Amino acid sequence: MAQVQAQRPEFDALEVGQEVFEAAKVIKREDVKAYADASGDQNPLHQDDDFARSVGFPGIIAHGMFSMAHLTKALKDWVRNPAALRSITVQFRAVVYMDETLVAKGRIASKNEATKEVTLDVWEEIERDGQIVQPIKNSRAVVSLA
Amino acid sequence: MPLNQTLKGKTYQELTFEVERDRATQFSLAVGEDDPRFLEAGAAQAEGFPEQLAFPTFPTVLGILVSAQAVTDQELGLDYSRVVHGEQEYEWKRPIVVGDVLKATPRIGDIYSKGPNEFLVIEAEMTDADGEVVCISRGTLLSRGTAEGA
């Protein structure tokens with residue numbers, strides 16, 4: 001589970017290049033089903049192993065938006081204040097299978113002294129067959145620490 | 001077959017969507033949110049928010065309705081079996097709360113090709129009852145192997 005930071009991050013204390021959050025989540029079939037029901041995305045690719053195999057996957061995959069939600073939660077848990085969230089832009093680059101451990105990470109990319117906005121590089125990693133796969137990469141988030 | 005490029009800028013029917021408490025709570029629980037501000041009104045109000053907060057990616061629920069109109073548009077010619085979700089952006093102006101009545105007019109922001117694939121950008125600006133923009137969603141669908149000459 002992600003740790004909610006005890007204190008809100010302070011603009012002046014952040015350094016470009018600093019990794020500021022890391023949150024791991026094991027992707028479970030029942031959670032993906034719950035997400036399908038909550039979001040309304042009932043694509044069988046996320047629920048039916050036979051269907052997933054028929055289109056070339058070894059089994060069902062998680063919704064990209066489920067992975068994005070985990071990343072957004074990690075970002076929100078770091079910044080603490082939900083009103084500080086300005087934007088998040090993600091690229092989906094790899095699928096996520098059941099029981100894999102998805103790790104959301106964020107690093108300070110730049111700071112705007114005038115607006116007190118901070119841009120982060122954000123991404124997600126999975127270790128699969130001894131290699132690091134990034135289901136979300138080349139992605140950005142902006143928070144306001146005014 | 002390539003997508004119909006002349007539909008860039010096309011707008012679809014306006015949608016209205018009320019953020020209901022049960023749905024917002026269901027969504028929060030489904031994404032593993034245990035922050036009480038996203039699960040009950042009291043914790044959010046204690047910090048000055050008017051109501052229970054919806055999880056930041058809750059607009060996905062509306063987004064599925066937003067993209068449905070374009071995806072099923074016969075003029076556009078999208079083969080959904082070739083589609084994967086390539087990119088997603090949310091820009092937030094304020095937190096979404098329970099009781100918000102959001103309106104959105106889906107629009108085709110762009111259609112372009114890169115190599116063998118085509119990209120369809122569907123945008124929606126979500127406004128509240130006062131007409132203020134709450135959230136902007138930009139989703140990019142990737143249509144595999146449908147570009148001209150692919």
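The crossing of α1(A) and α1(B) is left-handed. These helices belong to a predicted model. Helix α1 of chain A covers residues 29-39. Its partner, α1 of chain B, covers residues 21-30. The two helices pack at an angle of about 155 degrees. Their axes lie 9 Å apart. Angles over 145 degrees count as roughly antiparallel, and α1(A) and α1(B) are therefore roughly antiparallel to each other.

Named residues define this helix contact. From α1(A) come A:A34, A:Y35, A:A38 and A:S39. They meet B:Q26, B:F27 and B:A30 of α1(B). By residue class, the contact of α1(A) with α1(B) holds 5 nonpolar and 2 polar residues. No charged residue takes part in this helix contact.

The contact between the chains was then examined as a whole. Chain A gives 26 residues to the contact, and chain B gives 25 residues. On the side of chain B that touches chain A, three elements each supply at least two residues: α1 (21-30), α3 (59-71) and β2 (83-92). The largest share of that side comes from β2(B), with 8 residues. In composition, the side of chain B that touches chain A has 11 nonpolar residues. A further 7 are polar, and 7 are charged.

Strand pairing also links the two chains. Strand β2 of chain A, residues 85-92, is joined to β2(B) by 5 bridges. These two strands run antiparallel. Within this pairing, A:I88 has B:Y90 in β2(B) as its bridge partner. Thus β2(B) both pairs with β2(A) and supplies the largest share of the side of chain B that touches chain A.

Further strand pairs were found inside chain A. Strand β1 (residues 19-26) is joined to strand β3 (residues 101-112) by 7 bridges. The two run antiparallel. Here A:F21 stands opposite A:G106 in β3(A).

Strand β3(A) also pairs with strand β4 of chain A, residues 117-128. This pairing is antiparallel and spans 9 bridges. One bridge sets A:S110 against A:T119 in β4(A). The strands β3(A) and β4(A) form a hairpin with 4 residues between them. In this hairpin, A:K116 takes a positive phi near 60 degrees. Strand β3(A) is thus bridged to β1(A) and to β4(A).

Note on methods:
Residues numbered from 1 in each chain as written. Chains lettered and ligands numbered in written order. Predicted model: local features only at pLDDT ≥ 70, side-chain atom pairs only at ≥ 80, totals over all residues. Contact = placed C-beta atoms within 7 Å. Nonpolar A, V, L, I, M, F, W, Y, C, P; charged D, E, K, R; others polar. Pairing = 2+ DSSP bridges. Axes fitted to C-alpha atoms, helices over the stretch in contact; angles between N-to-C directions. Parallel < 35°, antiparallel > 145°, perpendicular 65-115°, else oblique. Left-handed = near helix turned anticlockwise from the far one by under 90°.
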